[in-house]
Amino acid sequence: MANKSRSLPLAKRGMNFEMLMWLFTRLSALAMYALILFAIIGALVMGARTQMNFADVMRWGFMPNSSHLQSVILEEPDIWSTVLWKLAGSALLLVAVAHGVHGLVAVADDYIVSPGGRKTVRFISIVFMLTMIAIGLFILWTL
């Protein structure tokens, strides 16, 4: 007796919310890698290889914010606080927070069985996400 496949054929799967969230998780992780690589390469092009140590370059890569460079003596400090880097930092912040909160909700859904509990956790997660985004964008654009 042959084992019957338990998965649906591709033509019958369709795009539902769960599939979109699965796709979002993968694409947001790739976007974070791309933004971090962009920031590290940008820092090296702007002279970080001679003006910064490895820890400062990595800190810049994970959050390109000019306030991270206060302890570094830079030849041209103005190029580190341009709109490009504020936009890159904002994009990294938005993608990372959304990716993390989606992961939190996915894990919580595995352990919370009541529909009311799931709605509560999702509401708290959305409030947390919006709060963290607001604080992060305020720091990135005002400091």
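Asparagine 65 sits in the loop that joins α4 (54-62) to α5 (83-111), and it makes a convenient way into this predicted model. Although it belongs to a loop, asparagine 65 counts as buried because its relative accessible area is 5%, under the 20% limit for that class. Beyond residues up to four places away in sequence, asparagine 65 touches Trp60, Ile139 and Leu140.

Asparagine 65 also takes part in enclosing an internal space. The model holds 1 cavity of 30 Å³ or more, and the volume of the largest cavity is about 50 Å³. Its lining includes Asn65 together with Pro64 and Ser66. Trp80, Ser81, Thr82, Trp85 and Lys86 also line this cavity, as do Leu140 and Leu143. Leu140 thus appears both in the cavity lining and among the residues touched by asparagine 65. By class, the lining is made up of 5 nonpolar, 4 polar and 1 charged residues.

For the chain as a whole, the secondary structure is simple to describe: there are 6 helices and 0 strands, giving the pattern α-α-α-α-α-α when read along the sequence. The radius of gyration is 20 Å, whereas a compact globule of 143 residues would have one near 15 Å. Along the principal axes, the C-alpha atoms fill a box of roughly 70 × 40 × 25 Å. Buried residues account for 28% of the 143 residues. The chain exposes about 10000 Å², and 71% of that area comes from carbon and sulfur atoms. Among contacts with a separation of 6 or more, 65% are between residues 24 or more positions apart.

Several buried residues help to show how such contacts link the helices. In α2 (17-45), two of them are serine 28 and methionine 32. Serine 28 is classed as buried because its relative accessible area is 4%. Its contacts, leaving aside neighbours within four places in sequence, are Val95 and His99. Methionine 32 has a relative accessibility of 16%, so it too counts as buried. With the same sequence neighbours set aside, methionine 32 is in contact with Leu92, Val95, Ala96 and His99. Val95 and His99 therefore recur, being listed for serine 28 as well as for methionine 32. The pairing of methionine 32 with valine 95 brings together positions 63 residues apart in sequence, with their C-alpha atoms 6.7 Å apart in space.

Helix α4 offers another view of the interior through glycine 61. This glycine is buried because its relative accessible area is 0%. Outside its neighbours within four places in sequence, glycine 61 is in contact with Ile36, Ala39, Ile40 and Leu92. Leu92 is also one of the contacts of methionine 32. Tyrosine 33 lies 28 residues from glycine 61 along the chain, and the C-alpha atoms of the two are separated by 9.9 Å.

Leucine 93 belongs to helix α5. At a relative accessible area of 12%, leucine 93 falls in the buried class. Beyond four places in sequence, its contacts are Met63, Ile133, Gly136, Leu137 and Leu140. Leu140 was met above as a contact of asparagine 65 and as part of the cavity lining. Further along the sequence, leucine 104 is 11 residues from leucine 93, and the C-alpha atoms of these two leucines are 16 Å apart in space.

Finally, the surface of the model carries pockets as well as the enclosed cavity. The largest pocket holds about 360 Å³ of space. Two or more residues of its lining come from each of α2 (17-45), α5 and α6 (115-142). Helix α5 gives the most, with 6 residues. Of the 14 lining residues, Phe17, Met21, His102, Val105 and Arg122 lie nearest the centre of the pocket. The lining divides into 10 nonpolar, 1 polar and 3 charged residues. Helix α5, the main contributor to this pocket, is also the helix that holds leucine 93.

Definitions and conventions: Residues are numbered from 1 along each chain as its sequence is written. This is a predicted model: local features need pLDDT of at least 70, side-chain atom pairs count only at pLDDT 80 or more; totals for chains, interfaces and linings use all residues. Side-chain values use heavy atoms; hydrogens and water are left out. On a 1 Å grid over the protein atoms alone, a cavity is a set of points where a 1.4 Å probe fits but cannot get out, and a pocket is an open set with protein on both sides within 12 Å along at least five of seven lines; lining residues have an atom within 4 Å of a point. Grid points are joined across faces, edges and corners, and a volume is the space filled by probe spheres set on the points. Ala, Val, Leu, Ile, Met, Phe, Trp, Tyr, Cys and Pro count as nonpolar, Asp, Glu, Lys and Arg as charged, and the others, Gly among them, as polar. Helices (H or I, at least four residues) and strands (E, at least two) are DSSP runs, numbered from the N terminus. Buried means under 20% relative accessible area, exposed over 50%, partly exposed in between (1.4 Å probe, protein chains only). Contact means heavy atoms within 4.5 Å. The radius of gyration is taken over C-alpha atoms; the globule rule is 2.2 Å times the number of residues to the power 0.38. Accessible areas come from the Shrake-Rupley method with a 1.4 Å probe; for residues, only the protein chains shown count as cover.
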